[in-house]
Every structure is written in C-alpha cells, then in structure tokens.
Amino acid sequence: MNIFRLAGDLSHLLAIIILLLKIWRTRSCSGISGKSQILFSITYTARYLDLFTTFVSPYNSVMKVVFLAASYGTLYLMYVKFKATNDRNHDTFRIEFLLVPVCLLALLINHEFTPLETQPGGHERGFFEVVFSHATLLFRDPLEVLWTFSIYLEAVAILPQLFLVSKTGEAETITSHYLFCLGSYRGLYLLNWVYRYYTENFYDLIAIVAGVVQTILYCDFFYLYVTRVIKGKALKLPA
C-alpha cells in the first residue's frame, strides 16, 4: 500500500458517500445516471468475487464489502425507494453497446492470453478458433476473466453519466463533486502504478491502459470543474 493508492481509495470512497448523501438528502436521484450505477455494480461484483477465495488483508476485504454494499445500496435508492425521480428521459445510453465489446475484449486480451496466437510451426490461428480457445478460459480460470472484464468495464462505466450531463447541459454542484472525486480516484491509481514501477519494478499493463482511457474520458469534465465549479459557478456545458 502506498500513498497514491490510499488516496485513490479514499477519493473513491468519498465519491460514493457524496452520491449517497445527495440522493438521500434531496430524496431524488435526478441528474444521476442509473445506467452508470448498474455498470459500476456489475464491475464491483465481477472484480470482488475473489472475496470468497482470496484474502489479502483486512483493509482489502473491508473495502471490497463497502464498495459492493454501497453500489447495490445506490441501485436500491434509485430503482426502488426514489424510483419516481429517475431521470429516464435523459438516461438513455444503450449500455449493451458497452457490455458486449467489453465481454469480448476480456476474453481476447487478459493475463492468460494475448490476442495473437500461433499454432506449433508458426501457423496463425483463425479468429473464431482463437475466440473459442479463449472462451474456454472462462471455465478454467473464471476469476481471471471476470477481473479483466471489470477493469475494462470500469473504464467506460461513466459514459452513461457523461452522456446524461451532455443531454441536460448541466450538473448540480454536488453531482459535480461526486464526478470529480470519482475521476480523481482513477488518476491517483495511475500515479500508484508509476510509483510501483519505480519502487517495485512492477506494472499491470491492462490496468494502466484502462486507467488512462478512463482518465481521458474525464478530461473535459475536469476542465469545466476547475474553471467553473471551484469558482462557485454552476457546471453548464458550452452552448
């Protein structure tokens, strides 16, 4: 555990607390994408199934339970308790366009396989043959595939939320704080990987690339947050 990872975890936790407080205090989930929350719940479920098979530390286990409980608690508030306040008219992103490619990518590119494989003698295997052989990994090492799937999915899970903001043209200040903390979490994790590379000579290319993609998706929002929200102005997209 290093300072960047700890700061990233705390930023992530703060984002979740802000989101839950926003929904509970306003008794409304207006401006929040339920579809993004569904994707985050799928992400944490896929990633933390090893909670039952692998013990790293009390801190690690507690954080996994907290993120799982908070993600499903958010879904309960949005789709049960405050269902009437759901912003269905603007939360229209087709999440299947994210889930299907991410599933295929997790099968094709993970720590057990690479996308290009050759048979003995240097003969390159056909696309469907490669897909089939990779799919068998799901039965041999499902946690590896699910972990990779969760990394890829988390990188794009915020897209429905950003799409909702783009359709409404604005975001409440507290929602902006939530998004800033959520984006900062991944940026801090990138610094964690830089730190680990120089101090431990270790890196995870899948996590790094996914983290870069996720951080890039927040760039426009970060700019608006710094230039408007921090100055006390409402976050509104340029006309």
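**Exercise 1.** In this predicted model, find which residues Leu-182 touches, leaving aside residues up to four places away in sequence.

*Solution.* Start at Leu-182 and pass over its neighbours up to four places away in the chain; the residues in contact are then His-12, Ala-15, Phe-40, Ile-158 and Tyr-218. Next, place Leu-182 in its wider setting: together with Ile-23, Phe-40, Tyr-178 and Phe-221, Leu-182 touches the most other members of the largest nonpolar core, which holds 51 residues. Finally, ask which helices build this core: at least two residues each come from α1, α2, α3, α4, α7, α9, α10 and α11, and α7 gives the most, with seven residues.

**Exercise 2.** Check whether the length of α4 agrees with its number of residues, and list its buried residues.

*Solution.* The expected span is 1.5 Å times one less than the number of residues, so the 13 residues of α4 should span 18 Å. The C-alpha atoms at the ends of α4 are 18 Å apart, which agrees with that value. Turning to the side chains, the buried residues of α4 are Leu-98, Val-102, Ala-106, Leu-107 and Leu-108.

**Exercise 3.** Describe the nonpolar surface patch that includes Tyr-197, and decide how Tyr-197 should be classed by accessibility.

*Solution.* The patch is formed by Val-194, Tyr-197, Tyr-198, Tyr-203, Leu-205, Val-209 and Val-213, which together have about 730 Å² of accessible area. Two helices, α9 (173–200) and α10 (205–217), give two or more residues to the patch, and Tyr-197 itself is found in α9. Buried means under 20% relative accessible area and exposed over 50%, so Tyr-197, at 39%, counts as partly exposed.

How values were computed:
Residues numbered from 1 in each chain as written. Predicted model: local features only at pLDDT ≥ 70, side-chain atom pairs only at ≥ 80, totals over all residues. Heavy atoms only, no water. Patch = residues over 30% accessible without salt bridge, like charges linked within 9 Å, V, L, I, M, F, W, Y side chains within 5 Å. Areas by Shrake-Rupley, 256 points an atom, 1.4 Å probe, with all protein chains shown as cover. Salt bridge = Lys/Arg side-chain N within 4 Å of Asp/Glu carboxyl O. Helix = DSSP H or I, 4+ residues; strand = E, 2+ residues; numbered from the N terminus. Buried < 20%, exposed > 50% of the residue type's maximum accessible area, 1.4 Å probe, protein only. Core = buried A, V, L, I, M, F, W, Y, C linked by side-chain atoms within 4.5 Å. Contact = heavy atoms within 4.5 Å.
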